[in-house]
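Reader: I am new to this structure, and I would like to be led through it by questions and answers.

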Amino acid sequence: MKVTVSIIKADIGGLPGHAWVHPKILEFAADRLREEQKRGLIIDYFVYNVGDDMSLLMTHTKGENNPDIHGLAWSIFKEATENIAKKVKLYGAGQDLLKDTFSGNIRGLGPQVAEMELEERPSEPLVVFAADKTEPGAFNLPFYRIFADPFNTAGLVIDPAMHQGFRFEILDVYEGKVYLLDAPENSYDILGLIGTPGRYIIRRIYRKADLIQASVTSVERLNLIAGRYVGKDDPVAMVRAQHGLPAVGEILEAFAYPHLVEGWMRGSHVGPLMPTKMISIDQEKKIALGPKMTRFDGPPKVISLGFQLHDGYLEGPVDLFDDPAFDYSRQLAAQITDYIRRMGPVMPHRLPPEEMEYTTLPQILSKLKPIPVDEYEKNRLQYIQFVTSQASGQATTGPSHD
Ligand SMILES: O=P(O)(O)OC[C@H]1O[C@](O)(COP(=O)(O)O)[C@@H](O)[C@@H]1O
Ligand SMILES: [Mg+2]
């Protein structure tokens, strides 16, 4: 049976600030999805959040980029914004809904989308991820490890079905170009690209032996859509597991090391990606309440839910980072947080200037008026006196410059 799994996520308001999703918004979304399940538009669904981002996980038979499915997600985000987020004045109500009108596809309107149409195998384990205060390229390193690093994934060496390796589809989000590269043959080229996660994003991965699709990651860049800073592009992704694909444990293993990602406070800082447990899961309501973003609006966090798909129905989820085996990773992430925070506004904790382009820093820096160095050296004493007396509030005239 061919099933499409669609994850569409948006930040439509935070409680408080950018810390968390209002639980009422999750309930609203789950209620709407339940109605659509009854009407037969979708087979099954689950709603969850990480920080201020709500994901709608839906299964159906309509294929990728279907206007009814995208339209459903768009109307849920819109209605929840109007009925809840704006009413209780959540922070940034409707933040990710960058355009006013929906014209058949939610891509390019602000929300993140990860969709995969698949032929359900006799048993279909599915692992979904969502991260807050970071960007889609944050999945580059762990996904490379899962599908190309035998020191992470034993199956690459041991399992004949995986031994030929995987084909990586890498998107250059600035140029709108796609690279198709195979691991292990082109590993160094893959790494050459994905080591720049703000630009090159591993979007889909296929098993080389039969080109079965194994993963998909969302790739929307909000800043590029809006042309201004609108928060980071907190990403979602999914990976199929087992039986000739990486085992669930090989997928999770790649997140045990809290690597440094871009995002965090004001989308302008580097910090460790902490694998985090959910707060609660309500199987009946089909809602999982995810972690809050606290210290310096973070640190960046990733959650992982595991399902078994059966005829399009989602059995689960299991909170996959809810295991003492990940306590050490969390502890390590907390230590890295403490260490790197001491650098305050200094790189490499703060992002480099190219990455600050869409933040409000250029606005601040454009107000400063530097003096040409030759001119300054000629009249240094006068300049120094001028600036000092300005600072002490005494009006003097200094040398003029443009
Ligand atoms: O100027 P504002 O509206 O307070 O925005 C600053 C906010 O931007 C953010 O980077 C937005 O985070 P999100 O991308 O998760 O919405 C927060 O870290 C920070 O609080
Ligand atoms: Mg967010």
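The turns below take up a helix and then a core.

Author: This is a predicted model, in which local features need pLDDT of at least 70, side-chain atom pairs count only at pLDDT 80 or more, and totals for chains, interfaces and linings use all residues. Residues are numbered from 1 along each chain as its sequence is written, while chains are lettered from A and ligands numbered from 1 in the order in which they are written.

Reader: Which residues of α1 are exposed on the other side from the buried ones?

Author: Helices here are DSSP runs (H or I, at least four residues), as strands are (E, at least two), numbered from the N terminus. A residue is buried if 20 or more other C-beta atoms lie within 10 Å of its own, exposed if 12 or fewer, and partly exposed in between, with C-beta atoms placed from the backbone. In α1, the buried residues are Ile25, Leu26, Ala29, Ala30 and Leu33, and because they cover an arc of only 130 degrees around the axis (taken from the directions from the helix axis to the C-beta atoms), they lie on the same side of α1. Across from them, the exposed residues are Glu35, Lys38 and Arg39.

Reader: Which helix gives the largest share of the largest nonpolar core?

Author: A nonpolar core is a set of buried Ala, Val, Leu, Ile, Met, Phe, Trp, Tyr and Cys residues joined through C-beta atoms within 7 Å. The largest one has 92 residues, and Ala29, Val47, Leu56, Ile170 and Met238 touch the most other members. Its largest share, eight residues, comes from helix α2.

Reader: How many residues of α3 are buried?

Author: Helix α3 spans residues 140-148 and is mostly covered. Among its buried residues are Asn140, Tyr144 and Arg145, and the buried count is nine of nine.
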